[in-house]
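Q: I would like to learn how to read a few local features of a protein model, one residue at a time. Could we go through them slowly, with the general idea before each case?

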Amino acid sequence: MENDYRYDYSSQEDDNKGPEIVFENVTKEYQNGVRALDNVSFRVAPGEFAFLMGHSGSGKSTLTKLLMLEERATSGDILVGSINLNSVKSSGIPYYRRLVGIVFQDFRIISSMTVFENVAFALEMLGAGRKQIETQVMAALDLVGLAKKRNEYPGHLSGGEQQRVAIARAVVNLPGLIIADEPTGNLDTENSQEIMELLQKINTELGATVLVATHEKELVSKIGHRVIELSHGVRILGNK
Amino acid sequence: MKYIRIVYYVLRQSVKNILRNLFMVFASVVVVFFVLLVVGIFIEAGLTLGSVIEQFSDRAEIQINFSYIVSDETAKEYFDVISKDARVKTATYITKEENLNKILDYFKDDKELFENYRNSERLQFVSIEVQLNHFEDGTAFVNEIKQLDGIDSVKDIVETVDKMELTRFWVNVGTITAAVIMTGLSLLLIFNTVKLTVIARHREIEIMKYIGATDVYIATPFILEGVSTGIVGAIIAWIVLSGVYKAVFNFISELAAQTNIVPKTFAESGGGAIFVGFILFGIATGFVASMLAARKYMKV
């Protein structure tokens, strides 16, 4: 794949693995005075799969927003690989986001596009050629088990399948980091389990660092990865 | 190659935007067309008046008509004095007979009626046609002539030109007023059209932002939509304006025949410059309006 990204993880110790995530004394206070994160520090190792847990209002969403550069930390440092997110200018945000695959609770796929088009969208934007798009999109759809449904529209897919399309789009340009914000929030138990397994597969096969924000304790305990738990904006569990 | 593909993708998105919002795009094109047509008519009126004024000014003609009681000898004495005036470029003596023939020629359709007046002494008058070196001397010269005894009338082109200048001033005021109001109107409509497209594609824009599309990349199709709306409106307005100009050209020519004014064709009357101006206006309004709409409504 042509690589014109302004950011890379070149200083990574292991190039086959996703970037390390480091939060150092991160505080986020909104303009209305609400302190969503209070002096949070943790580390996610390169290529690790970790859960970010907490009740609603615990600061999970704020934390993922900081990682997506939707919000900026009030104080403290956030490092993704060699990138200090505090130093990323507004104009650099799109280039940073190309290194991150994002999965949302509400899927965020375009209903007027087919499964293939929804995934190809991310590559077209980067100016990828037709052959490259075909190869990479089909690889991503294979990975999520939707290759046969490439011509279907989202309206004809189940919730679990729609989330798979979103995951395929998130991984199609092989990002080093996958952030999933409540990816199973709109799914039944069976589909939730499948989505979690799929994220694990991506972690294993692509070597991507995966951070999943969720409040579903049962599901987390079944999967069995490290948990970073937040409560009222403070990390209470998950040392490493 | 990569950039060609990106440009191709952006163009495809612009076409999609236009097709998705065809009715509003059509409305915007109509407004731009109407705006430019009105402004164009004002501009052409101003330019035509300017051309007429210029031609009149170049000639700086004054016709002095003596009363019928003034004899040829007296008129010739005046002619000698006027001819030697430093301000006068040429002076032509028109005999009583020549004047009469002119009148009869002018009313040739009712020639028989006027034949009965051929011997009327009131139609037996001498004239002097004067062309000045400088148009600016006209008012003073005419005032002096009017002081002379035996002058019946002075056909004063200066007064006509002054009236035309005043008209041209108001036409120019109208042009500027129309341009300002109508530009505001076009900006508003293109802004709203692009706003609707941005809102309709809100979800797509949001996703594009999350997968790393730059603002320029996202906004470009919307800006191209606005700019193409402006250009199409401008081209149609120019075509219609040239048609309107040609349609009134004959009418202008007829009027001009009586005054020896040579009317200009559309091309001579700034048609090319107006085309360029219209296109630039279309691009500028389309760009500004869509840029503002994209900036305001693209924040997701």
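Q: Is Phe107(A) buried or exposed?

A: Bear in mind that this is a predicted model. A residue is called buried when its relative accessible area is under 20%, and because Phe107(A) has a relative accessible area of 10%, Phe107(A) is buried. Phe107(A) lies in the loop between strand E6 (100-103) and helix H3 (115-124) of chain A, and Phe107(A) has a positive phi of about 65 degrees although it is not a glycine.

Q: Which sign does phi have at Asn39(A), and where is Asn39(A) placed?

A: Asn39(A), which is not a glycine, has a positive phi of about 55 degrees, and Asn39(A) sits in strand E2 (residues 35-44) of chain A. Values between the buried and exposed cut-offs are called partly exposed, and Asn39(A), with a relative accessible area of 47%, is partly exposed.

Q: Which residues does Asn86(A) touch, leaving aside those up to four places away in sequence?

A: Contact here means heavy atoms within 4.5 Å, and, with residues up to four places away in sequence not counted, Asn86(A) touches Arg72(A), Ala73(A), Gly76(A) and Asp77(A). Asn86(A) belongs to the loop between strand E5 (83-84) and helix H2 (93-97) of chain A, and its relative accessible area of 38% makes it partly exposed.

Q: Which residues gather in the patch of negative charge on the surface?

A: The patch of negative charge on the surface brings together Asp72(B), Glu73(B), Glu77(B) and Asp80(B). Glu73(B) is part of helix H3 (residues 72-84) of chain B, and Glu73(B) counts as exposed because its relative accessibility is 56%.

Note on methods. Residues are numbered from 1 along each chain as its sequence is written. Chains are lettered from A and ligands numbered from 1 in the order in which they are written. This is a predicted model: local features need pLDDT of at least 70, side-chain atom pairs count only at pLDDT 80 or more; totals for chains, interfaces and linings use all residues. Side-chain values use heavy atoms; hydrogens and water are left out. Patches are made of residues with over 30% relative accessible area and no salt bridge: like charges are joined within 9 Å, nonpolar side chains (Val, Leu, Ile, Met, Phe, Trp, Tyr) within 5 Å. Accessible areas come from the Shrake-Rupley method with a 1.4 Å probe; for residues, only the protein chains shown count as cover. A salt bridge is a side-chain nitrogen of Lys or Arg within 4 Å of a carboxyl oxygen of Asp or Glu. Lys and Arg count as positive and Asp and Glu as negative; His and the chain ends are not counted. The place of a charge is taken as NZ of Lys, CZ of Arg, CG of Asp or CD of Glu. Helices (H or I, at least four residues) and strands (E, at least two) are DSSP runs, numbered from the N terminus. Buried means under 20% relative accessible area, exposed over 50%, partly exposed in between (1.4 Å probe, protein chains only).
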